[in-house]
Every structure is written in C-alpha cells, then in structure tokens.
Amino acid sequence: MRRAFEVAVIGHLREVKDPFRAAEAARLLPATSRLQVTHVGAADAPEWTAKAIAEMETNPRYVWRGEVSGTQVWRLLGRVQAMVLSSLSEGGANVISEAAVARVPVLASDIDGSVGLLGRDYPGYFPVGDTAALASLLHRIETDQKFLARLRRAIAARGGLFTRKREIAAWKSLLRELE
C-alpha cells in the first residue's frame, strides 16, 4: 500500500472556518491521489459533529479527530505535508504561525488575516470558498515536487517571524514604549 499524502486541517468546526472545504476538495482529486485530510478541532455544536461523522462515512479521504491537545497538534504538524486554512474571515490565525514555525506549507483562503501573516507574494492562496481551486492546489502539491518545494521555502522564510524569542522581544519593546 502506498503511503498517504497527509494534509491537516486545524480548526474548530464552525461556519466562519468553512471546515469541510478541504474534505470537499479532496473528493475532486483523481482516484490515483494518495491525499488524506486529517482534521482536528472541536465541534461548536452537535450539528457540526453530525456533519463531520457523515463526511467520514462518505469520504474515505477525510478523518476528523475532534478536539486534541496542543502536543497532538504539534505531532500532526510534524508528519503532514501541508495544512489547509479555509476560513471565510480571520483576524490572523495562530495556526498559521504554528505551521510556519514547523515549516509546514499552508494552503490558505485569500483573506486579509492570512495575507497579513504569509505575505502577498505567498504562492499557496485560493479564492474564498472555491473548492475547485483548492482541489487544484492539493493535486499540485501532491504531484509537483518543485511547487511543494517552493511552498516549503516560502513558509520557512516566514517562520522566523513567529519564534518565541521574537515574540518576547516584541513584548519587551511594546512595554518599554508604554513606560
């Protein structure tokens, strides 16, 4: 059996996160694809749990693990090939920072919060709600090693912006300004 090409979705199941976009995109991939979507995050309501269970029952490429610990999120980031952030609106997702530090390429909806963290020239954006465009990106990262390497370089270039050392320095600077 061929090893899966695993992609993470890290986020709660709620409307603003557009949580099933990656699962829907995975359905559009060719039968030869090895892509597997692993989703972690709590369901905000029983309806979301039911939707996740139904998706797992009908989509062999999708697995929802529910709420997991921070350690489990880091383990997931340590093994996946990429992460999808399909939010409809976001102020700036912490999970992008975590993925950048872990050097995991992100495929993100083209929203201000993601662009603010990843930069306008980041090559992994897709239009909000565009399942076909996300499917195209997923297929491309699985089959085009040069494109995947480009995404890895782009995310690595952003990783230094989110280190603990940099965050502490920024807080100290801010506190000095407030004195």
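These legends accompany five close-up views of a predicted model.

**View 1. Helices H3 and H4 packed against each other.** Here we look at helix H3, residues 70-79, beside helix H4, residues 94-102. Their axes lie 10 Å apart and make an angle of about 50°. H3 and H4 are therefore oblique to each other, and H3 passes H4 in a right-handed crossing. On the H3 side, the contact is made by Val73, Trp74 and Leu77; on the H4 side, look for Glu98, Ala99, Val101 and Ala102. Six residues of this contact are nonpolar, one is charged and none is polar.

**View 2. The contact of H4 with helix H7.** Stay with H4 and bring in helix H7, which covers residues 145-159. The two pack at an angle of about 105°, and their axes are 7 Å apart. That angle makes H4 roughly perpendicular to H7, because values from 65 to 115 degrees count as such. From H4 come Ala99, Ala100 and Val101, which meet Ile155, Arg158 and Gly159 of H7. By class, four residues of the contact are nonpolar, one is polar and one is charged. You may recognise Ala99 and Val101 from the first view, where they also belong to the contact of H4 with H3.

**View 3. Helix H6 against H7.** H7 appears again, now with helix H6, residues 131-143. An angle of about 100° separates the directions of the two helices, with 5 Å between their axes. H6 and H7 are therefore roughly perpendicular to each other. The residues to find in H6 are Leu137, Arg140, Ile141, Glu142 and Thr143. They meet Gln145, Phe147, Leu148 and Leu151 in H7. This contact brings together five nonpolar, two polar and two charged residues.

**View 4. The largest pocket and its lining.** The pocket shown here has a volume of about 270 Å³. Its lining is made of 16 residues, and those nearest the centre of the pocket are Ile10, Gly11, Asn94, Val95 and Glu98. H3 and H4 each give at least two residues to this lining, so readers of the first view will find both helices here again. Glu98 is also one of the H4 residues in the contact with H3. Sorted by class, the lining of the largest pocket holds six nonpolar, six polar and four charged residues.

**View 5. The largest cavity and its surroundings.** The structure has one cavity of 30 Å³ or more, and about 60 Å³ of space lies in the largest cavity. Around that space you will find Val9, Ile10, Gly11, His12, Lys17, Asp18, Pro19 and His39, along with Val84, Leu85, Ser86 and Ser87. Strand E1 (5-10) and strand E4 (82-85) are the elements that give two or more residues to this lining. Five of the lining residues are nonpolar, five are polar and two are charged. Ile10 and Gly11 take part in this lining, and both are also among the residues nearest the centre of the largest pocket.

How values were computed:
Residues are numbered from 1 along each chain as its sequence is written. This is a predicted model: local features need pLDDT of at least 70, side-chain atom pairs count only at pLDDT 80 or more; totals for chains, interfaces and linings use all residues. Side-chain values use heavy atoms; hydrogens and water are left out. Axes are lines fitted to C-alpha atoms, for helices over the stretch in contact, and angles run from 0 to 180 degrees between N-to-C directions. Helices (H or I, at least four residues) and strands (E, at least two) are DSSP runs, numbered from the N terminus. Angles under 35 degrees count as roughly parallel, over 145 as roughly antiparallel, 65 to 115 as roughly perpendicular and the rest as oblique. A crossing is left-handed if the near helix is turned anticlockwise from the far one by less than a right angle, and right-handed if clockwise. Contact means heavy atoms within 4.5 Å. Ala, Val, Leu, Ile, Met, Phe, Trp, Tyr, Cys and Pro count as nonpolar, Asp, Glu, Lys and Arg as charged, and the others, Gly among them, as polar. On a 1 Å grid over the protein atoms alone, a cavity is a set of points where a 1.4 Å probe fits but cannot get out, and a pocket is an open set with protein on both sides within 12 Å along at least five of seven lines; lining residues have an atom within 4 Å of a point. Grid points are joined across faces, edges and corners, and a volume is the space filled by probe spheres set on the points.
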